[in-house]
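Colleague: I'm new to this one. Can you walk me through it?

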Amino acid sequence: MKVGIIVYSQSGNTLLVAQRLKKAFEEKGHTVSLEKVEASGEGANPKLIFAPDVSPYDLIVFASPVHAFSLAPAMKLYLSQLQDLKGKIVYSFVTQQLKKDWMGGNHAIKQMKSACREKGAEVIMDSIVHWSSNEREGQIEALTNKLSAGK
Ligand SMILES: Cc1cc2nc3c(=O)[nH]c(=O)nc-3n(C[C@H](O)[C@H](O)[C@H](O)COP(=O)(O)O)c2cc1C
């Protein structure tokens with residue numbers, strides 16, 4: 001299966017998890033591309049500098065940090081300008097600083113799901129990594145195992 005991991009990352013946390021996930025998919029024999037959404041302006045009104053094309057992929061993983069209890073605006077913008085996700089298998093994950101899902105992660109995943117649904121695909125797997133948690137390493141391990149196995 002051709003896998004595309006599409007990541008937006010400002011300070012590298014989400015990118016690091018995406019790199020670990022890429023390795024996990026590759027170990028299972030998949031061909032994986034990791035592509036970065038590039039945006040200018042880090043505030044609420046970013047502009048896209050690079051918007052990866054998702055059309056080559058069978059399975060797409062969208063990955064983003066949580067910003068202000070929501071999906072990072074750059075990822076929100078990126079998802080809104082996608083052509084079409086019909087027929088794609090879609091997963092997503094977010095990273096957040098705080099320890100509880102309700103401190104942004106749940107809302108960000110919900111936003112990710114509704115943005116993908118508007119483009120014709122359901123997000124069928126998702127995960128949240130809490131960066132300040134003592135359990136962070138275990139969360140990353142669980143995420144990479146779960147998403148690369150599809151269960
Ligand atoms: C503008 C901004 C807002 C943030 N808001 C939240 C938040 O609401 N909840 C949270 O848990 N972490 C929040 N964070 C922390 C990031 O989600 C966290 O550090 C994430 O892992 C960063 O990912 P990155 O290194 O891929 O950019 C915020 C960070 C920034 C820069």
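Modeller: We'll take the ligand, then one residue, then a pair of helices. Keep in mind that this is a predicted model.

Colleague: Ligand it is. How many residues surround it?

Modeller: The ligand is surrounded by 19 residues. The closest are Ser 9, Thr 14, Pro 65, Gln 96 and Leu 98.

Colleague: Which helix and strands each supply at least two residues of that shell?

Modeller: Helix H1 (13-27) does, and so do strands E5 (59-67) and E7 (89-96).

Colleague: And the shell by class, what has it got?

Modeller: Eleven polar residues, eight nonpolar and no charged ones.

Colleague: New topic. Where is Ala 108?

Modeller: Ala 108 is in helix H3, residues 105-118.

Colleague: Is Ala 108 buried or exposed?

Modeller: Buried, because Ala 108 has 28 C-beta neighbours inside 10 Å. The cut-off for buried is 20 or more.

Colleague: Which residues is Ala 108 in contact with, leaving aside neighbours within four places in sequence?

Modeller: Ser 64, Val 66, Ser 70, Leu 71 and Val 94.

Colleague: Now the helices. At what angle do H2 and H3 pack?

Modeller: About 15°, with the axes 9 Å apart. H2 covers residues 73-80. The two helices are therefore roughly parallel to each other, as angles under 35 degrees count that way.

Colleague: Is the crossing of H2 and H3 left-handed or right-handed?

Modeller: The crossing is right-handed.

Colleague: Which residues meet there?

Modeller: From H2, Lys 76, Leu 79 and Ser 80. From H3, Gln 111, Ala 115 and Cys 116. By class, that contact has three nonpolar, two polar and one charged residues.

Note on methods: Residues are numbered from 1 along each chain as its sequence is written. This is a predicted model: local features need pLDDT of at least 70, side-chain atom pairs count only at pLDDT 80 or more; totals for chains, interfaces and linings use all residues. A residue is near a molecule or strand if its C-beta atom, placed from the backbone, lies within 6 Å of it. Helices (H or I, at least four residues) and strands (E, at least two) are DSSP runs, numbered from the N terminus. Ala, Val, Leu, Ile, Met, Phe, Trp, Tyr, Cys and Pro count as nonpolar, Asp, Glu, Lys and Arg as charged, and the others, Gly among them, as polar. A residue is buried if 20 or more other C-beta atoms lie within 10 Å of its own, exposed if 12 or fewer, and partly exposed in between; C-beta atoms are placed from the backbone. Two residues are in contact if their C-beta atoms, placed from the backbone, lie within 7 Å. Axes are lines fitted to C-alpha atoms, for helices over the stretch in contact, and angles run from 0 to 180 degrees between N-to-C directions. Angles under 35 degrees count as roughly parallel, over 145 as roughly antiparallel, 65 to 115 as roughly perpendicular and the rest as oblique. A crossing is left-handed if the near helix is turned anticlockwise from the far one by less than a right angle, and right-handed if clockwise.
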